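Open the model in your viewer and keep the selection panel at hand. The tour below goes from stop to stop.

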Amino acid sequence: MAYEKELVAAKKAASLAARLCQKVQKALLQSDVQSKSDKSPVTVADYGSQAVVSLVLERELTSEPFSLVAEEDSADLRKDGSEDLLERITKLVNDTLASENLSKPVDSTLSTDDLLRAIDCGTSEGGPNGRHWVLDPIDGTKGFLRGDQYAVALGLLEEGKVVLGVLACPNLPLTSIAGNKNSSSSSDKKGCLFYATIGSGTYMQPLDSNSDPVRVYVSSVENPEEASFFESFEGAHSLHDLSSSIANKLGVKAPPVRIDSQAKYGALSRGDGAIYLRFPHKGYREKIWDHVAGAIVVTEAGGIVTDAGGKPLDFSKGKYLDLDTGIIVANEKLMPLLLKAVRDSIAEQEKASSL
């Protein structure tokens, strides 16, 4: 299989990072301080996750130049007054790495300087040439703080094209979230690892075990009335009224399923829903790390991911995606109907706003 070595490293990196995040989220949810304005737990997990992924990829793939496009840099951790936070993250990363057998083991305990260097490996700009790993260390920070859905999302670009993607979704049930539970044996178990490499399909396995992976496929629904659709949990992330208009035009009967993060892409890849709509507010620029891993996970499962104009997403332009209005995801049968409903709804909104 192409990219086998890279996939093994990516799965290990994302799984370890997810383990770190789970530890932080568990402590957060057990603490008395439930103030959602306290962002320190997600800060610890965000930086810790990025450091773990960076260190694992570098250690597992020693023979090649390493470029990582990621959400965080260490500037805030280098400021005066951040020493305690930096120590806390460093300890968490050391504890996490010590729990795993790496191909090239950690020679000694990481210092705070080692941690800062690892985080700053993620400052690549990406682009159309060469190989670039792309990471969102915690996609869905608000979901993380609520104890809900989030994902560690890691992808690989080669010459501007996505060739590999891994989504670690610690809180996503192993069985469908669409209401048609078909496996009572694992209905309460959570933690999914989705992965895909170009031309090889999409697979899912439990995050916390070495169980055999299962190949997954997007929904085969052809009638839009029977389709369910996903959208962002947070209204600030997507225009829910536009999504509602599109759903009405399609005749969708089911209410939207609103979940955080690229866990949506994972759930779509196994057929939990049939459509994903994301329409950010005007002026918002999508970042590649919010979609690289999820896009290949869905496309290798038989889905289509485009912007609102029907063009494929172009990840070769650096850190940002230049899009027509938003992102839409569906299977091949539904996509033509969906694109028409999107165009009509956007035209209606533009006409209404100009009156």
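This is a predicted model. Start with Glu159, in the loop that links strand 3 (151-158) to strand 4 (161-173). Check the backbone here: phi of Glu159 is near 50 degrees, a positive value in a residue that is not glycine. Most residues other than glycine have a negative phi. Is Glu159 buried, exposed or partly exposed? Glu159 is partly exposed, because its relative accessibility is 47%, between the limits of 20% and 50%.

**Next: Ser261**

Select Ser261, in the loop between strand 9 (257-259) and helix 7. Here is another positive phi outside glycine, near 75 degrees for Ser261. The surroundings are another matter to check. Ser261 has a relative accessible area of 9%, so Ser261 is buried.

**Then: Asp272**

Move on to Asp272. Look in the loop that runs from helix 7 (263-269) to strand 10 (275-278). Is this aspartate buried or exposed? Asp272 has a relative accessible area of 4% and is therefore buried, the cut-off being under 20%.

Now show side chains. Which side chain makes a polar contact with that of Asp272? The partner is Ser176, at 3.3 Å. Widen the selection to the contact shell. Leaving out residues up to four places away in sequence, Asp272 touches Ser176, Ile177, Ala178, Ser228, Phe230 and Ala267. Ser176 thus appears both in the contact list and as the polar partner of the Asp272 side chain.

**Then: Gly143**

Go to helix 5 (residues 141-146) and pick Gly143. Its relative accessibility is 0%, so Gly143 counts as buried. What surrounds Gly143, beyond neighbours within four places in sequence? The contacts are Gln25, Asp148, Gln149 and Asp260. For a distance check, draw a C-alpha to C-alpha line from Gly143 to Ala247: it spans 24 Å, for a separation of 104 residues in sequence.

**Helix 1 against helix 2**

Switch to cartoon view and select helix 1 (residues 4-30) with helix 2 (residues 40-60). Their axes lie 8 Å apart and make an angle of about 160 degrees. Helix 1 is therefore roughly antiparallel to helix 2, as the angle is over 145 degrees. The crossing of helix 1 and helix 2 is right-handed.

Bring up side chains at the contact. From helix 1, select Ala9, Ala10, Lys12, Ala13, Leu16, Ala17, Leu20, Cys21, Val24 and Leu28. Opposite them, in helix 2, are Pro41, Val44, Ala45, Gly48, Ser49, Val52, Val53, Val56, Leu57 and Glu60. Colour the contact of helix 1 with helix 2 by class: 16 residues are nonpolar, 2 polar and 2 charged.

**Helix 2 against helix 3**

Keep helix 2 and add helix 3 (residues 83-98). The axes of helix 2 and helix 3 come within 9 Å, crossing at roughly 45 degrees. At that angle, helix 2 is oblique to helix 3. Which hand does the crossing have? Helix 2 passes helix 3 in a right-handed crossing.

On the helix 2 side, pick Ser40, Thr43, Val44, Tyr47, Gly48, Ala51, Val52, Leu55, Val56 and Arg59. Helix 3 contributes Leu85, Arg88, Ile89, Leu92, Val93, Thr96 and Leu97. By class, the contact of helix 2 with helix 3 has 11 nonpolar, 4 polar and 2 charged residues.

One last selection: Val44, Gly48, Val52 and Val56. These residues of helix 2 meet helix 1 and also take part in the contact with helix 3.

Notes: Residues are numbered from 1 along each chain as its sequence is written. This is a predicted model: local features need pLDDT of at least 70, side-chain atom pairs count only at pLDDT 80 or more; totals for chains, interfaces and linings use all residues. Side-chain values use heavy atoms; hydrogens and water are left out. Helices (H or I, at least four residues) and strands (E, at least two) are DSSP runs, numbered from the N terminus. Buried means under 20% relative accessible area, exposed over 50%, partly exposed in between (1.4 Å probe, protein chains only). A polar contact is a pair of N or O atoms within 3.5 Å; within protein, one must be able to donate a hydrogen and the other to accept it, and residues adjacent in sequence count only if both atoms are side-chain atoms. Contact means heavy atoms within 4.5 Å. Axes are lines fitted to C-alpha atoms, for helices over the stretch in contact, and angles run from 0 to 180 degrees between N-to-C directions. Angles under 35 degrees count as roughly parallel, over 145 as roughly antiparallel, 65 to 115 as roughly perpendicular and the rest as oblique. A crossing is left-handed if the near helix is turned anticlockwise from the far one by less than a right angle, and right-handed if clockwise. Ala, Val, Leu, Ile, Met, Phe, Trp, Tyr, Cys and Pro count as nonpolar, Asp, Glu, Lys and Arg as charged, and the others, Gly among them, as polar.
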